[in-house]
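Biologist: Can you put the model up and walk me through it? I'd like to start with what your terms mean.

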Amino acid sequence: MTVLGVTSSILGQPWRWRALAADGRDGFGVDAFGGGSGDDLVTQLLLARGCPRDALDAHRTPSIRAFMPDPSIFRDMDRAADRLADAVQAGEQVAIFGDYDVDGATSAALMVLVLRDLGIEARPYIPDRLLEGYGPSGEALVRLASEGATLIVTVDCGAQAFDALDAARDAKVDVIVIDHHKCSTALPHALALVNPNRLDETEGAAHGHLAAVGMCFLAAAALARTLRARGFFKDRAEPKLIDLLDIVALGTVADVAQLRGLNRAFVAQGLKVMGARKNIGVAALIEASRLTRNPTCTDLGFALGPRINAGGRVGRADLGVRLLTTQDPDEARQIATELDRLNEERRAIETVVQEAADLLSSRDRAVAVVAGHGWHPGVIGIVAGRLKEKLGRPSIVIAIDENGIGKGSGRSIPGVDLGAAVMAAREHGLLVAGGGHAMAAGLTISEAAIPAFTDFLEERLAAAVERSNGDRALLLDAVLAAGGVNPGLVESMEAGGPYGMGWPAPRVAMGPVRVIKADIVGNGHVRTIVAGDDGRSIKAMAFRSAESALGQALLGAAPHRKLWLAGRAKIDDWSSRPSAELHVEDAAWAD
C-alpha cells in the first residue's frame, strides 16, 4: 500500500510505510503516525525496524550486558587470548598491523591501549595506501619480526593474506588475525584467525555484521578473562574496557556496519563515553571538527570518521592511530589539526575524480565500472559511494597507475553481494587481489582485465540488481504537516536510535507545502523555504541535488503548486536558537 497515493515520485519510486514492510501493519497511528496501536512513539519506531516485542526493553536502551556474547563462541578466540596473555606475562614485543581506514585505525588503537594498560607498549603499523596497498605483506611482517616482534596481531585485514602469513611463518613469528572480511573456504596459516565471517564459523556467524573494532573489543574481553583466570590482576587493576567504547563506536559507524544487536549497544554506549571526552585524541578530533555539542551517530560518520580516514587517504597512514593512542594533549591537537587540513585536501581531490567518473559512468550496465589514469586511489571509495547513490546500482571506481595496475573500490546496494562477486572474480583469475563485504569491496586488477571483469560482474549480478531495483521504494515512518516538524519531534524520534546502516533513521513525509524560496548553495545543494497549509514555514535542504530531477523540481516549482516532501527531520545547529529542518530525499506533486 502506498503512502499518500504516491506510486511514482519525482525520483520515480513509490512511497510505502516502513511498518508495513517490517510486520504487515499499515503505518503508524492516529494523527502523525496513524494506526492507533496505543504504542508510544519509540516503541513504534523500534517495531518498524524489525525489533521483536519481547526484545523492546533491550533495544530501547541497548547495553553491552544485554547483547555481549561469550567471546569463546568464535573459532580460535580462546587460542588468540591464550597467546596474547602469554605475551603480556612474558613482556614480549608485540606489533599491531592495521588497515589504513577508520575501522583499521580504531582496531589498532584499541589493541594498543588495552595492551598498554596491561604493561605492554605494542607497536602499531599501518601500511601506506600508495606504496604498500591493502593488508599485510610478507615483507612488512618479516621486517617487524626482524626488528624484535615475537607476536604480530593483524586487525581489519589478514583473512586472505596467504603469502604474507606464509612468510611470517617461515620467519618463525606468531601471527593472530582479527578480521571481519569475507573468507574463502581455504584459510591462511596463522596461529589464530578470529573472524565471524569464516565459512566454518558456527554460533559466531550470527555476529558477522560486527566491524573489526567490535571483534577486537571481544578479543580484549577474552584476554582480560584469561589473565583474570591466571591471577594476573591479583596486584593490579583490570583494564577498563568500557572506556574504549568511544573508539569502538567510531570504527563501527565509519565502517558502515549494520547497527543491529551488539553494534547498537557499542554505538549507544560509545557515544556516552565520547561525550565525557576521556580519550585525549578523540577530544582533540571533536574540537578540530568544530563540534560544540556532544557528537551524534551522524557526526561519527560524516565529521569524525572522514578526518581519521584522511590520514590514510592523502596523508600519513598512521596519523589516526597516533591520535587515538597519544597521551600528550599538545600532540593530539597538532595531529587533529593536520587531519582536518588533510580532509580539506581530500575533498578537493575527490571533486576532480568525481567529475571524471560521472562523465564515464553508464546507465546501460547493471554494475557501473569506471577507470581512469592518474586518479588518486585514496578517494575512489568515496567516489564509488557517490556514483552508487546517483545511479542506484553497484559501482566500482578504479585508479590505474603508470604500470597499468588498477586499485579499485566498490560500493553496493541492498540485496547485491558485491564482496562475494569480487572474490569469485579473483578465483576466476580476473583479479590480482580482491575481497570485501556485501556492501563494499576492494580489488587490484591489471588494466587489460577490466573489460572482462566488467562482463563477469554483469553476468553474475544483473539479476540481483534488477530484483533490488524492482523492490525499490521510499519507506516512510510518518506523515506530518509543516508545523509538525519541530525540535520536540526530532528529539523524541532520536530516542529510537542510534540510527545507521541496518537501523535507518526515521523518514517523514511533510506537506502539502508550497516552495516560497529556492536557491543553490555550496556544492550543488538546494536550499528551500516551504510553507504548509497550517501557515507554518520551514527550511528544507536537498543535498547534492541541483542537477537531479528532485533539485530541478524544487528550483522550478511554481508558487501555486503544492508538493509532499520526504526526508529526515533534523535540528538546524547553525541557527541562533535550535530549529527543525527537513533534509529532503524525494518529493511528489500534491495536485
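Modeller: A contact means heavy atoms within 4.5 Å. This is a predicted model, in which local features need pLDDT of at least 70 and side-chain atom pairs count only at pLDDT 80 or more, while totals for chains, interfaces and linings use all residues. Residues are numbered from 1 along each chain as its sequence is written, and side-chain values use heavy atoms, with hydrogens and water left out.

Biologist: OK, what does Thr-43 touch?

Modeller: Leaving aside residues up to four places away in sequence, Thr-43 touches Arg-53, Leu-56 and Arg-60. With Arg-60 there is a side-chain to side-chain polar contact at 2.5 Å. A polar contact is a pair of N or O atoms within 3.5 Å; within protein, one must be able to donate a hydrogen and the other to accept it, and residues adjacent in sequence count only if both atoms are side-chain atoms.

Biologist: Is Thr-43 buried or exposed?

Modeller: Thr-43 is buried, at 4% relative accessible area. Buried means under 20%, exposed over 50%, and partly exposed in between (1.4 Å probe, protein chains only). Thr-43 sits in helix H2, residues 41-48. Helices (H or I, at least four residues) and strands (E, at least two) are DSSP runs numbered from the N terminus.

Biologist: Switching topic, how many disulfides?

Modeller: Zero, counting a disulfide as a pair of cysteine sulfur atoms within 2.5 Å. For Cys-51, the nearest cysteine sulfur is that of Cys-297, 17 Å away. Cys-51 is buried, with a relative accessible area of 4%, and Cys-297 is buried too, at 12%.

Biologist: And what is the strand order in the five-stranded sheet?

Modeller: The open sheet runs S7-S8-S9-S11-S10, with mixed pairing. Strands S7 (368-373) and S10 (433-436) are the edges, each pairing on one side only. Two strands pair if DSSP finds at least two bridges between them. S7 and S8 (residues 395-400) are parallel, over six bridges, and Ala-371 has Ile-398 in S8 as its bridge partner.

Biologist: Which helix lies across S7, S8 and S9?

Modeller: Helix H16, residues 380-391, running at about 45 degrees to S9 (405-411). Axes are lines fitted to C-alpha atoms, for helices over the stretch in contact, and angles run from 0 to 180 degrees between N-to-C directions.

Biologist: Last one, where does pLDDT stay under 50?

Modeller: Over residues 22-32. pLDDT is the predictor's confidence in each residue, from 0 to 100. Where it is low, the predicted coordinates should not be read in detail. The chain averages 93, and 96% of the residues score at least 70.
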